[in-house]
Each structure stands twice: as C-alpha cells, then as structure tokens.
Amino acid sequence: MLAVHRDVLNIVQAKFLSAEVVRSIHLNVSAIDGRRCDENRILALVEYNNSFALFILISSKIKPLSISDLSIETVIPIDEYFSCDTEPIEGSQFHIIFIITYKKIVRAFKIEIGLESSNFASEVIRSKEVSLYNKPIFVWLDKYIGTMSEPSHTSDLGQTDTPIIRQHIAQGPSGINRDSMLKYQLKLKEPEFTQKQEFSIFVGTWNVNGQPPSISLRPWLSCDENPPDLYAVGFQEIDLSKEAFLFNDTPREAEWYKYVMEGVHPKAKYKLVGLARLVGMQLVVMVNSQHYPYVKNISVDTIGTGLLGKMGNKGGVGVRMELHNTSLCFVNSHLAAHVDEYERRNQDYKDINARMNFKRTPQAIKDHEQVYWLGDLNYRITDLTTTQVKTLLNRHELPTLLRADQLNQQKERGNVLLDYEEGDIKFQPTYKYDLNTDTFDTSEKARPPAWTDRILWRGKGVYQVAYRSHMDLRLSDHKPVSALFKSEISVVDPSKYRRVHEELLKKMDKYENEYLPQVTVDQTEVVFELVKFRERQTREITIANTGMVPAEFEFIKKLDENSYCKDWLRIIPYCGSINPGEKCDVKLEVCLETDLTKIYDILVLHLKGGKDMFIIINGDCQKSSFTTSISTLCRISVPIMQVTDEQWRLALKDVSESSVLYSVPRELWLIIDHLYRHGLKTRDLFESSALHEEIIRIRDWLDFGSLDPLPGNVQAVAETLLLFLSFTKDPVIPYDVHDACIAAASNFQNCRQIVLQKVSDLHRNVFLYICMFLQEILKYSNDNGYDAKTLASLFGDILLRDQIRNSKPQASRGKSNFVYNFLVNDMSSSIMPHK
C-alpha cells in the first residue's frame with residue numbers, strides 16, 4: 001500500500017468508531033451524474049459486526065488532511081439488494097465506470113484501472129458474499145444519518161427502496177403555497193377522516209450497572225398477558241469501561257439489543273423502529289410488525305451533558321416517529337448522580353430538552369403529541385437517613401417517603417418535568433441493591449434506598465394501566481421498571497381521506513390565486529447585553545401570521561455563507577409553519593466561544609411564496625483569558641480585565657522574547673496549582689460536569705482577579721482546565737503538525753523531536769507543563785483511578801484539537817497515542833532552558 005493511500009485510510013478510519021473497520025478505500029473517484037462528472041469522491045467499504053456498508057465520501061481537498069475535510073454523501077448497505085458492475089469508457093484505456101445498484105437506485109463512478117480498483121472490487125464482492133450467508137443488521141448506520149446534508153432518514157435500511165442519499169427538491173412559489181394550504185386544510189378537517197384507536201405501549205428502563213447480559217429479559221419485557229403494540233426499552237450503564245466513556249464505542253450495544261429481541265412478547269413479531277446509543281445509554285424502539293407499514297418520519301438524536309457539556313456518561317438519547325397520524329417521542333436519560341446534586345439533574349434535564357433536535361418536523365421534544373420520558377433520573381430521597389428510609393419501608397409508609405422524593409419536590413417547585421405526569425408508585429425503591437439479591441445496599445456506604453428509575457409522560461389520550469418494578473431480575477444494583485400505557489393514536493380512514501382530499505383539491509385554485517402568505521415580525525433588530533464567554537443569553541422574536549393562508553418560514557443562508565447564522569448563534573426553531581391567526585416565538589440564543597469584540601449578523605427570514613425579511617443581531621463582547629492566545633496571555637502581568645488598552649496592544653504585538661513575562665499563562669498556572677494541591681487523589685477527577693454557575697464564577701475569578709480563594713469544588717476546577725485548553729485562540733499543538741504527531745505516535749523519540757523542533761517555545765512549555773501535571777496524577781492512580789491511557793485519551797483531543805469541533809464524544813486514538821508517549825517517558829531532556 002502506498003504511503004499516501006495509507007495516510008488517507010487512517011484519516012477515513014478516524015471518521016468511524018473503532019469497531020467499524022474500514023476494510024478498503026478507493027481514492028480519486030468521480031461521480032457521474034448525467035453529463036456532469038464531480039470529482040473528489042472516496043469510496044469506503046466499512047464493516048461492523050459482520051455487516052458491511054459502502055460509504056461515499058466527499059473530500060474538500062484532493063488529498064484529505066483530516067476528518068474535517070471529509071463529509072458523508074451516501075451510505076449504501078450491502079445486502080441481497082446490493083450489486084456492482086463495471087462498464088468500459090469508449091476511447092479510454094485508463095478508466096472504467098464502476099456501477100452500484102441498490103434496489104431502484106443506480107450510481108455510477110469513474111475510476112482509474114489498476115491495482116487499487118482491482119483490490120477494492122474484490123473486497124466489495126467478498127463482502128457481498130459474506131452478507132448472503134449472514135442476516136446483517138444495519139442499525140449501526142443510523143447515527144450517520146445526521147452527519148449528511150439533507151439526509152433521507154430511515155431506521156430499517158433493509159426495508160427502504162433507497163439508500164440514504166442526499167435529496168434536492170426544487171419547488172416554485174405556487175407549488176409551495178398550494179402544498180402548505182392543503183396541509184393546513186387537511187389538519188382542520190382531520191376529525192372527518194381519522195378515528196382514535198387504542199394502542200398498547202410498553203415502556204421499560206433499567207440501569208444494568210455495566211453488567212453484560214446473561215439472563216432472559218422475558219420476565220420484564222413479556223410480563224403482560226397480551227403483547228404490546230409498541231416497545232420502548234431504555235438502558236443505562238451498559239458499559240462502564242473507560243473505552244466506552246472516551247471513544248463512545250462498545251460491543252454491549254449489539255449484545256443488549258440481541259437480548260431485547262429475544263425477550264419481547266412471544267405472541268407477536270416485532271420490527272425495529274429506531275436504536276439510539278450514547279456511551280452507556282441505549283434506547284430500542286420496536287413496533288408490532290403488523291403496524292410497521294404505518295410508521296414514518298423516524299429520527300434519532302443523542303445529547304451528552306457530561307464533561308464539557310458533551311461527554312456521554314450522562315445525557316439522553318431519543319427516538320421520534322409518527323405512528324399513523326400521531327407523533328411520538330421517546331427519551332431515555334441518565335442524569336447526574338449523588339444525593340445532593342439535584343440542581344445538576346435539573347440542569348441535565350433542561351439541556352436535553354433544549355438541545356435535542358430530530359431534524360424532522362416537529363424537531364423539538366416538546367412539540368410532539370405524545371412524549372414518554374424514561375431512565376435513571378437519579379433523584380434520591382432527601383433529609384432521611386438510610387435507617388429511617390428502611391424503617392418507613394418496613395412500615396409500608398410509601399406516601400411519607402414519596403413526599404421526601406427529590407423528583408416530586410422539584411416537580412412541585414416547577415424546576416423539572418413540569419408538564420409531565422407520573423403514575424402512582426406502589427413498588428419498592430429500585431436502587432440500591434447488593435448484586436444478585438433483593439437486599440438493599442449493605443456496603444460501607446450503605447446508600448439510602450431511592451426511586452431513581454422512573455417513567456413519565458405528557459400528551460393527550462395517554463392512560464397508564466400499570467407501573468411496576470421487576471424484583472426477580474437481580475443482575476444489577478438497580479431493578480428494572482416498566483409501565484404499560486393505553487394510548488390513543490389517530491388512525492386515517494383511507495376512503496374518507498380520499499374524499500376530503502379530493503374536495504380540498506377542488507378548492508385549491510381559489511386559495512392559491514387569491515391569497516398570499518403574510519407575516520409580521522415584532523422586531524427587526526435584536527441587541528444582546530454584554531456577551532461573555534460560554535454564558536448563554538436568549539432573546540425572542542415573534543413571527544405572526546396575518547394572512548389568510550398558512551405561512552411557511554425558514555432562516556436561509558446568505559450568498560457565499562455556509563450557514564443561515566453565525567457559529568455563536570442558535571435559532572430555535574429555524575423553520576416552521578404558522579397557521580392563519582397564530583404566531584411562533586423564535587428563540588435566539590448566543591453562546592460565545594471565540595475572541596470576538598462584537599457580535600453582528602444579518603438573518604434572512606424567508607417566507608415561502610412571500611417576501612424575505614431581514615433581522616439584525618448585534619452586541620458587544622467581553623474579553624476572556626479562555627479565548628485569548630497562549631502567546632498573548634504570557635505577555636500580560638495582570639488578569640485580562642485589568643489590562644489597559646496600551647498593555648493589550650503591546651501584548652498582541654508578539655514582537656520579541658523580551659516581552660514574554662511568563663513561561664505558561666498565569667491562569668493555567670493558577671488552575672493547575674489548585675488541582676495539584678487539592679485534586680491529585682480525587683476519584684474520577686475529570687469525569688464530573690459542573691453547574692454552569694460554578695464555571696462562570698471560576699471564569700470571572702481568573703479574568704478579573706481576586707484575593708478570595710478559587711471558587712467551586714475541585715471537579716469544577718478540573719473541568720475549567722479542560723475548557724481553558726479547549727478554547728484558547730490556538731491549540732496547544734498547532735494544527736499544521738497534527739498529522740505528523742499522529743504518524744509519529746508509535747515512537748517516543750519521533751514525538752519528542754516534533755515537539756522540540758516544530759512547536760513554538762510557549763506552546764511547548766504549556767504542552768510539557770500539562771504532561772508533567774498528568775504524570776503527577778498518575779503517581780496517585782490507586783486513589784484517583786486513572787491510568788496513562790485514560791488520561792492520554794481524555795487530553796489528546798484537547799491538546800491536539802481539530803479546527804472544526806466535534807459535538808459528540810469520540811476520542812482520536814492517534815492523538816491519544818501521541819500524548820501517551822509523554823506520560824510514560826522521562827521528559828526531563830525535553831525541557832529547554834529559557835534563553
């Protein structure tokens with residue numbers, strides 16, 4: 001294999017999880033579309049658990065240098081519907097056409113004849129043969145849907161007529177008006193062609209405490225006499241390994257999915273609707289096969305609320321769908337642990353609720369007609385000792401205990417799950433038990449029993465008929481919980497629908513010709529107060545439909561821009577439809593993570609079939625050490641908010657070595673000094689997320705200076721260290737040497753030479769300073785639980801961070817290996833004296 005080919009293969013592999021192995025790639029592929037021939041494609045054959053898929057990647061460069069240069073255009077599962085062939089190109093001796101057929105879809109590519117094409121074709125043919133002997137499951141492809149531009153969502157790839165492929169649909173204004181008007185009129189007349197039909201929905205949740213599946217789930221999933229119409233089964237902590245935490249990769253996903261499929265009710269057959277997983281959280285949604293043809297618009301999303309607001313040890317996973325004419329949403333969450341952390345649990349819930357976006361209409365959790373929220377919510381019993389709780393349980397005084405339940409208390413105060421309902425709890429607390437027993441925790445900690453595992457719902461026509469725990473399953477320190485619902489689903493009568501539809505079509509011409517969409521916006525300029533680093537601000541604008549027909553709006557990209565808004569702005573919702581006489585409140589959320597002095601953007605609000613409107617966003621920003629360059633911070637002698645304009649001007653000049661005042665930034669020294677004195681023995685120091693308010697207090701303490709002690713607990717300071725290193729203007733290791741670092745990762749001397757020769761003095765100082773601090777942590781590994789590989793994985797993606805940030809938790813093994821070298825070797829020879 002040529003070195004260039006090997007380098008690109010490594011970059012392509014980094015696009016996938018470690019268990020998803022890139023078996024072969026083909027470079028320099030051109031997609032043939034009619035008369036056009038688009039270049040810079042890469043074909044990648046990927047295997048996961050004996051199932052294969054062909055990924056078509058678009059590269060922004062002829063030779064990609066990092067995963068940010070690659071985007072996924074198409075994913076094609078390799079099963080019995082897949083075939084490939086070649087055709088000669090007339091007059092060409094060096095190229096052929098490679099044809100991929102999947103059901104009704106045909107894709108053609110121009111490739112060069114040679115050893116590469118021969119090897120690639122052989123691998124594809126072999127994968128097809130393997131697929132014919134197996135029954136491949138393609139659930140693992142679902143997570144790549146959201147990474148593609150305008151994807152066509154599907155959860156059961158074996159049943160769709162098309163692969164996941166980008167679609168571009170053009171419509172004229174009149175067609176859009178007609179379509180929106182028809183949807184609106186159909187919605188108004190829905191009672192004329194639908195009827196409510198009762199469906200049974202089984203919802204289950206179980207924290208399995210990292211245990212592998214080893215017992216039948218039938219006693220849990222098939223405990224009712226009649227089979228449910230739909231299952232939503234959530235797990236937490238399916239894998240507690242550091243590997244799963246850092247790389248979001250675990251074989252347990254397939255294992256637990258298999259046990260679920262074997263444990264469903266034997267009187268019915270079920271098909272998978274959607275599977276979502278983030279680290280140890282997994283949600284499986286299945287429907288009785290007879291109802292599957294009536295399931296549509298499936299989408300999944302995952303939200304990490306752990307460290308840095310993205311690590312997936314805590315957070316939520318969701319699956320949304322439409323069953324007949326009713327939208328359903330299932331959310332499985334694992335919220336912050338520990339008795340006194342109910343505020344962090346509230347924060348986790350709010351983050352999941354606000355950030356989960358299904359890229360379908362409706363996009364947000366709250367906009368679905370029925371929502372089922374399940375999981376290990378981790379709320380405990382407050383103000384009672386273990387002995388008191390057990391005494392009340394022995395007396396069967398559940399109402400007294402439930403009044404002390406934190407979830408009930410927080411709901412009553414309006415802090416969490418405000419509009420959700422929960423059935424009466426008549427079962428024993430589900431946490432914490434000695435493994436393989438029904439005995440509450442007898443360990444030294446003797447945690448008080450609590451109802452941590454809960455199922456709630458919101459929406460009309462939902463009736464809970466059972467809410468129970470399952471004591472016979474003793475695999476974990478939690479007991480599984482289930483709820484059975486009778487839920488009213490709106491079912492379409494086809495004959496009545498056709499009649500109403502035809503009647504409306506006859507009226508469309510009149511509506512289309514006489515009415516155009518019209519809206520008003522309550523403000524066209526939005527000014528934010530002083531914008532500070534990672535301190536979110538929100539404003540709302542109201543779009544009101546003042547016309548006679550539905551108004552479909554969307555914020556659209558301006559010419560030569562990649563997105564409809566700047567990176568620091570989030571618009572919720574960014575598109576939608578407003579019925580006549582109604583309004584839509586649009587939230588504008590600002591979160592600053594760069595060194596801007598001002599924010600400014602012009603939003604284009606596009607009204608389909610109507611006029612565009614313009615909304616100006618602006619505001620001033622406050623400086624922060626977190627977004628300033630390392631070089632500048634080493635040249636200022638006081639906290640950044642005390643720096644005069646002249647001092648700031650000189651620090652930015654970066655003119656000579658004499659202007660350097662510190663070997664490492666003052667702020668970095670203060671953080672690490674605090675952790676050195678207070679945190680070396682702290683268990684799982686870098687795995688807890690702090691409250692937003694704690695991070696803000698620490699930020700202000702660093703930026704403004706103070707004689708008071710550093711605020712926040714030691715875990716909050718540890719997260720601040722990671723934040724500081726993640727957002728400095730330039731990464732600690734410069735972007736242009738990342739590939740060299742990864743290539744050298746197998747040899748410490750090569751890594752050392754790169755740091756000594758290709759990294760500037762100040763950046764090298766910071767890198768070595770961090771590594772020496774991590775070596776100090778490793779001296780207390782028996783206390784803090786860390787090893788060199790874990791710390792290297794955690795810090796590798798931060799010290800060598802990508803230009804485009806990854807919102808999902810997945811560490812890079814190449815970067816981890818590079819940092820690992822400096823944690824297990826003597827670095828004294830790498831420290832260069834200051835000249």
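1. Aromatic pairs come up first: this predicted model holds 29 of them. Take F16 and F55 as a worked case. Their ring centres are 4.7 Å apart and the planes meet at 80°, so the pair is edge-to-face, given that anything over 60 degrees gets that label. F16 sits in the loop between helix 1 (3-13) and strand 1 (21-33), while F55 belongs to strand 3 (residues 51-59), so the contact ties together parts that are 39 residues apart in sequence.

2. Are those two rings buried or exposed? F16 has a relative accessible area of 2% and is buried; F55 comes out at 0%, so F55 counts as buried, the limit being under 20%. The pair also has company: F16, Y48, F55 and W140 form one aromatic cluster.

3. Further along the chain, F686 and F795 make another edge-to-face pair, with 5.3 Å from centre to centre and 90° between the planes. This one also links distant parts of the chain, 109 residues apart: F686 is in the loop between helix 15 (666-678) and helix 16 (692-704), and F795 is in helix 22 (residues 788-799). F686 is buried at 1% relative accessibility, and F795 is buried at 0%.

4. Worth a look if you care about cations over rings: the charged end of K103 sits over the ring of Y81, 4.2 Å from the ring centre. R458 does likewise with Y420, its charged end sitting over the ring at 5.9 Å from the centre.

5. Now for a sheet. Five strands make an open sheet in the order 21-28-27-23-25, with mixed pairing. Strand 21 (525-527) and strand 25 (575-578) are at the edges and have a single partner strand each, so one side of each lacks a neighbour in the sheet. From one strand to the next, the twist averages 20°.

6. Here is how some of those strands pair up. Strand 23 (residues 551-556) runs antiparallel to strand 25 over four bridges, and A551 stands opposite I578 of strand 25. Strand 23 is also joined to strand 27 (residues 598-607) by four bridges, again antiparallel, with E554 opposite H606 in strand 27. Strand 27 and strand 28 (residues 612-620) are antiparallel too, joined by nine bridges; K598 has D620 in strand 28 as its bridge partner. Four residues lie between the strands in the hairpin of strand 27 and strand 28, where G609 takes a positive phi near 80°.

7. On to charges: searching the whole structure gives 40 salt bridges. One of them joins E255 to R252 at 3.6 Å, N to O. These two are three residues apart in helix 7 (residues 252-263), which means about one helical turn separates them. E255 is partly exposed at 31% relative accessibility, whereas R252 is buried at 18%.

8. What separates the closest N and O atoms in the salt bridge of E322 and R320? The gap is 3.3 Å, and both E322 and R320 are buried.

9. R570 and E589 form a salt bridge as well, their closest N and O atoms being 3.6 Å apart. R570 is in strand 24 (residues 569-572) and E589 in strand 26 (residues 583-590), so the bridge links distant parts of the chain, 19 residues apart. R570 is partly exposed, with a relative accessible area of 27%, and E589 is buried, with 10%.

10. Last, a network: salt bridges link D438, D472, R474 and K479.

Key
Residues are numbered from 1 along each chain as its sequence is written. This is a predicted model: local features need pLDDT of at least 70, side-chain atom pairs count only at pLDDT 80 or more; totals for chains, interfaces and linings use all residues. Side-chain values use heavy atoms; hydrogens and water are left out. Rings of Phe, Tyr and Trp (its six-membered ring) pair if their centres lie within 6.5 Å; planes under 30 degrees apart count as stacked, over 60 as edge-to-face and the rest as tilted. Buried means under 20% relative accessible area, exposed over 50%, partly exposed in between (1.4 Å probe, protein chains only). A charge sits over a ring if NZ of Lys or CZ of Arg is within 6 Å of the ring centre and within 35 degrees of the ring normal. Two strands pair if DSSP finds at least two bridges between them. Axes are lines fitted to C-alpha atoms, for helices over the stretch in contact, and angles run from 0 to 180 degrees between N-to-C directions. A salt bridge is a side-chain nitrogen of Lys or Arg within 4 Å of a carboxyl oxygen of Asp or Glu.
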